[in-house]
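Q: I'd like to learn how to read a protein structure, one feature at a time. Can we go through one together?

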Amino acid sequence: MLVVAGVGAWMGIFLSGTVRAQIGPVETGMSLRPALHGQTVVDASPLGTLTFRTHEAPLQLRITLDNIDQERAKALIEDPRLADRLPGLIESDLLDGVRALAIRSLLCAGAGALIAVLLVFRRPRVALLGLLAASVALAGTGALAAVTFRPSSLVEPRYSGLVAAAPSLVGSAESIVTRFESYRSQLTKLVTNVSKLYETVSTLPLYDADPKSIRVLHVSDIHINPIAWNVIRSLKDQFAVDFIIDTGDISDHGTNAENKFVDEIGTLGVPYVYVRGNHDSATTQKAVEKQKNAIVLDNKARNVAGLNIYGLGDPRFTPDKSVSVDSDPAALAQFARDHLPQVKKPDVIAVHDPDVGKGFSGAAPLILAGHTHERRTTMLPTHTRMLVQGSTGGAGLRALEHAQPTPVQASVLYFDKETKRLRAWDDVTLGGLGEQSVYIQRHVEPNPQRMISPEPTTAPSPTGSITGTSTPTAGSPLWHQGQSSPMLQRSPTEGDRES
């Protein structure tokens, strides 16, 4: 009878389903399952899972992070009093969720034990004894879990999935726990930059009220940072762009688990032109291709909103350590020159690595690239301009490793609808992790109709000259060769960088 009651109780727990719980601004699903070892598993898809040996009882608590309640998150950000109470709110919500889960599991387990014993022995009195035995066993299991609960286990997680390489991605567990409060504060500030962006761009004079301009948003190196989608949506709407160009590294390791991240592309509502980066696998490229508004360019050209764009994916996939990687600049430039016969006078060439871009010098008036996580503009000897974008994802999770934050960067490009030439561009920079600044720098192309000359075959690999700095720093505002305007900043707060 005890064995049958135990089996029925465990079956009841299995069938008890998931309890939905709101923990702070995060919507979660909680489930309880029998297990050989007591543990708590946090499913943070698509990054992977974190497992904590929190107790000794044979139960597994699984918490799935499903969604973020944007309205509640916004309220927490805008009300400092709520933000200060956030740890307490999370603790209270977590306890309420676990309590509801425990009650539901206990009822389902009791019902399972009662039904199982009744079906096997067909005697109500024995079934009630089975229910009593199951209740005592479950109460004992719960008490064992409470008595053996180890708070110290929260600083000793076991990683799986993408975060299996956690030390290289987000630093050691000890470092994360030690700096948790600062990370929490910094991430909150980073999210507020999106709302600050709305305020800043509202004061920025438009380059051109002429409807004959084509507006393009250039992003790069998102590295599966979700904050990038918020920034991209803000810029897309505020600047009314015609389409978006992504010059690669939307992923971090190119795995199947990361493919879900690119589904956001399909919600943007404008064409999304993409070229593969060295962190993007063929699987990543296929996942992007499945989005209804995506245009993947890999040694091919497409006309988008009136612009003829040629794109070439990066020849390397660096996360695969079993494959030798040739990152020699001369070899990358030669890789591009090998594809020159396929290039038919495009208006824009999109690649990932600037060294590949140099191989296309003279093939188009404008080359867009990324890869370096540092924004710069280079005028090549052929008068081809190369714009290298910073990281729109703030270098992804690697931003947590460095003392200095990597800024979140993107640019809005303005093209003449008749000549297809770049007329101006706005560089937008949001302060990285822990920063509260928004910079917008306006550049005007001094000679849009300049002659583009082919690269001499005997000339060495072009190096060009940098005409702008990578990121805005204190005391050194960005300037562009020729006609330009200084960086704009609205309502600086304590800790902001001065333009």
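A: What follows is a short walk through a sheet, a helix, a core and some ring pairs. Keep in mind that this is a predicted model.

Q: Let's begin with the sheet. In what order do the strands of the open sheet come?

A: The general idea: strands of a sheet pair through backbone hydrogen bonds, in either a parallel or an antiparallel way. Here, the open sheet has 7 strands in the order S10-S9-S8-S7-S17-S18-S19, and the pairing is mixed. S10 and S19 stand at the edges with a single partner strand each, so one side of each has no neighbour in the sheet. From one strand to the next, the twist averages 20°.

Q: Which strands run parallel, and where do I look?

A: Try S8 (residues 243-246) and S9: they run parallel and are joined by 3 bridges. To find your way, look for Asp246, which stands opposite Tyr274 in S9.

Q: And how many bridges join S7 to S17?

A: There are 6, and those two strands run antiparallel. Ile214 faces Phe415 of S17 there. S17 also pairs with S18 in the antiparallel sense, over 8 bridges, with Tyr414 having Ala424 in S18 as its bridge partner. The hairpin of S17 and S18 has 5 residues between the strands, and in it Lys420 takes a positive phi near 65°.

Q: Is S17 mostly covered or left open?

A: Mostly covered: 9 of its 9 residues are buried. Val408, Ala410, Val412, Tyr414 and Asp416 point one way, Gln409, Ser411, Leu413 and Phe415 point the other way, and all are buried.

Q: Now the helices. Which strands does H9 touch as it packs on the sheet?

A: H9 touches S7, S8, S9, S17 and S18, and its direction makes about 170° with that of S7. H10 packs on the sheet too, touching S9 and S10, at about 140° to the direction of S10.

Q: How do I check the length of H9?

A: Count 1.5 Å a residue: the 12 residues of H9 should span 16 Å, and the end C-alpha atoms are 17 Å apart, which agrees. Just after H9 comes Ala240, with a positive phi near 50°.

Q: Which residues of H9 are buried?

A: A general point helps: an α-helix has 3.6 residues a turn, so residues three or four places apart point the same way. In H9, the buried residues include Ile227, Val231, Ser234 and Leu235.

Q: What about the core? Which residues have the most contacts inside the largest one?

A: In soluble globular proteins, nonpolar side chains tend to be buried together. The largest nonpolar core here has 34 residues, and Leu217, Trp229, Ile250 and Tyr272 have the most contacts inside it. H9 gives the largest share, 5 residues. Apart from this core lies another of 20 residues, among them Phe243, Val275, Leu307 and Leu387.

Q: Last one: how many aromatic pairs are there?

A: The count is 3. Trp229 and Phe261 have ring centres 5.3 Å apart and planes at 40°, so the pair is tilted. Trp229 sits in helix H9 and Phe261 in the loop between S8 and S9, so the pair ties together parts 32 residues apart in sequence. Both Trp229 and Phe261 are buried. Tyr310 and Phe360 form an edge-to-face pair, 5.7 Å centre to centre with 70° between the planes. Finally, ring pairs link Trp229, Phe261 and Tyr272 into a cluster.

Conventions. Residues are numbered from 1 along each chain as its sequence is written. This is a predicted model: local features need pLDDT of at least 70, side-chain atom pairs count only at pLDDT 80 or more; totals for chains, interfaces and linings use all residues. Side-chain values use heavy atoms; hydrogens and water are left out. A nonpolar core is a set of buried Ala, Val, Leu, Ile, Met, Phe, Trp, Tyr and Cys residues joined through side-chain atoms within 4.5 Å. Buried means under 20% relative accessible area, exposed over 50%, partly exposed in between (1.4 Å probe, protein chains only). Helices (H or I, at least four residues) and strands (E, at least two) are DSSP runs, numbered from the N terminus. Two strands pair if DSSP finds at least two bridges between them. Axes are lines fitted to C-alpha atoms, for helices over the stretch in contact, and angles run from 0 to 180 degrees between N-to-C directions. Contact means heavy atoms within 4.5 Å. The expected span of a helix is 1.5 Å times one less than its number of residues. Rings of Phe, Tyr and Trp (its six-membered ring) pair if their centres lie within 6.5 Å; planes under 30 degrees apart count as stacked, over 60 as edge-to-face and the rest as tilted.
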